[in-house]
Amino acid sequence: MPELPEVETYRRYFEETCLNQPIQDVFVEDTKLLTTDYDLLVASLRGKKFIATERIGKNLFVQTDGGFYVHFHFGMTGDLAYYQFEEERPRFSRIVFYFQTGYKLAFICPRKFERIGIVENVPEYLRKKRIAADALAISIPTLAATLAKKKAFIKPVLLDQSVIAGIGNWIVDEVLFQARIHPERLAASLDEMEVKHLHEAIQLVLKTAIDCEANYALFPERFIIHAREWAMSPYADAKQHLLCPVCHQKLQITKVGGRTTYFCPVDQPLEMT
């Protein structure tokens, strides 16, 4: 599932390829992917240009020279592909923007959970959808004030997009490990120093993932994401990725808030010391 790092990669890709080109037409294979009426979407975009991008959490907003934005939500498997010739068109290109330059941008939607539509006002949209500050932009005081009100486990609290935008399941596990916080600690129980460490861990994990362009194999050995076995282990020992990179005890796998959770029971104790 595209998380904040992947969407940030898409945003940068969009900026490098698609800005300042007049849109000739828009192809939509399935109108169920649209959050805006098809005729309105096409009529609004013809002749317009994409001029800037903004990412909030997992949401990509692309500004047009018409004063409105196009909102991309990548669902579970969404992707973008910029190409020139029809024979290069990727599979599952359900929505295609045709530029007057002859190039195209495909919004790839394999499982049709992706969505696209026009947004007139981004802050208003975020308020309506209850999407909080972006995880890379949230301040320590804001994070502390929000967590202090939450008498629930820290993991599901951080997964709540109305608390902080852009943190998905593997990211929260990594953040909590780097901050040495148990996923079942009550959010309101975190002290000032723990919130500071949590904020630092959010920055570390997200910036590392973005720098690696979400290529899990390139993540540092000190990350526990390798235990998920989404890519080849960076370790020579075939089983070392299943151990805590700090204390070398076996990582624990459980369910927290209904989500599969990886953590170290030694370095992330539930009881405060």
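The largest pocket of this predicted model holds about 470 Å³ of space. Its lining is made of 23 residues. Closest to the pocket centre are Asn-59, His-71, Tyr-125, Lys-129 and Ile-131. Three elements each give two or more residues to this lining: strand β4 (69-73), strand β8 (115-119) and helix α3 (122-129). By class, the lining of the largest pocket splits into 8 nonpolar, 9 polar and 6 charged residues.

The second largest pocket has about 230 Å³ of space. It is lined by 13 residues. Those closest to its centre are Met-1, Glu-3, Asn-169, Trp-170 and Arg-259. Here the lining counts 6 nonpolar, 3 polar and 4 charged residues.

Now turn from the pockets to the interior. In soluble globular proteins, nonpolar side chains tend to be buried together. The largest nonpolar core in this model has 34 residues. Leu-147, Ile-154, Leu-198 and Ile-202 have the most contacts inside this core. Four helices each supply at least two of its residues: α4 (140-147), α5 (154-159), α6 (169-179) and α7 (192-211). Helix α7 gives the most, with 8 residues.

Take Ile-202 as a way into the packing. Leaving aside residues up to four places away in sequence, Ile-202 touches Ala-135, Leu-143, Ile-164, Ile-167 and Val-175. Another core lies apart from the largest one. This other core has 29 residues, and Val-7, Val-26, Leu-60 and Val-70 are among them.

Next, consider a single residue of helix α6, Val-172. Is Val-172 buried or exposed? Val-172 is buried, because its relative accessible area is 0%, and the cut-off for burial is under 20%. What does Val-172 touch, not counting residues up to four places away in sequence? Its partners are Lys-155, Leu-158, Leu-159 and Ile-167. Lys-155, Leu-158 and Leu-159 fall within the range of helix α5 (154-159), so these contacts link α6 to α5 under the 4.5 Å contact limit. Leu-158 shows the link in numbers. Val-172 and Leu-158 stand 14 residues apart in sequence. In space, their C-alpha atoms are 6.8 Å apart.

Ile-167 ties two of these contact lists together. Ile-167 is touched by Val-172, and Ile-202 touches Ile-167 too.

Conventions
Residues are numbered from 1 along each chain as its sequence is written. This is a predicted model: local features need pLDDT of at least 70, side-chain atom pairs count only at pLDDT 80 or more; totals for chains, interfaces and linings use all residues. Side-chain values use heavy atoms; hydrogens and water are left out. A nonpolar core is a set of buried Ala, Val, Leu, Ile, Met, Phe, Trp, Tyr and Cys residues joined through side-chain atoms within 4.5 Å. Buried means under 20% relative accessible area, exposed over 50%, partly exposed in between (1.4 Å probe, protein chains only). On a 1 Å grid over the protein atoms alone, a cavity is a set of points where a 1.4 Å probe fits but cannot get out, and a pocket is an open set with protein on both sides within 12 Å along at least five of seven lines; lining residues have an atom within 4 Å of a point. Grid points are joined across faces, edges and corners, and a volume is the space filled by probe spheres set on the points. Ala, Val, Leu, Ile, Met, Phe, Trp, Tyr, Cys and Pro count as nonpolar, Asp, Glu, Lys and Arg as charged, and the others, Gly among them, as polar.
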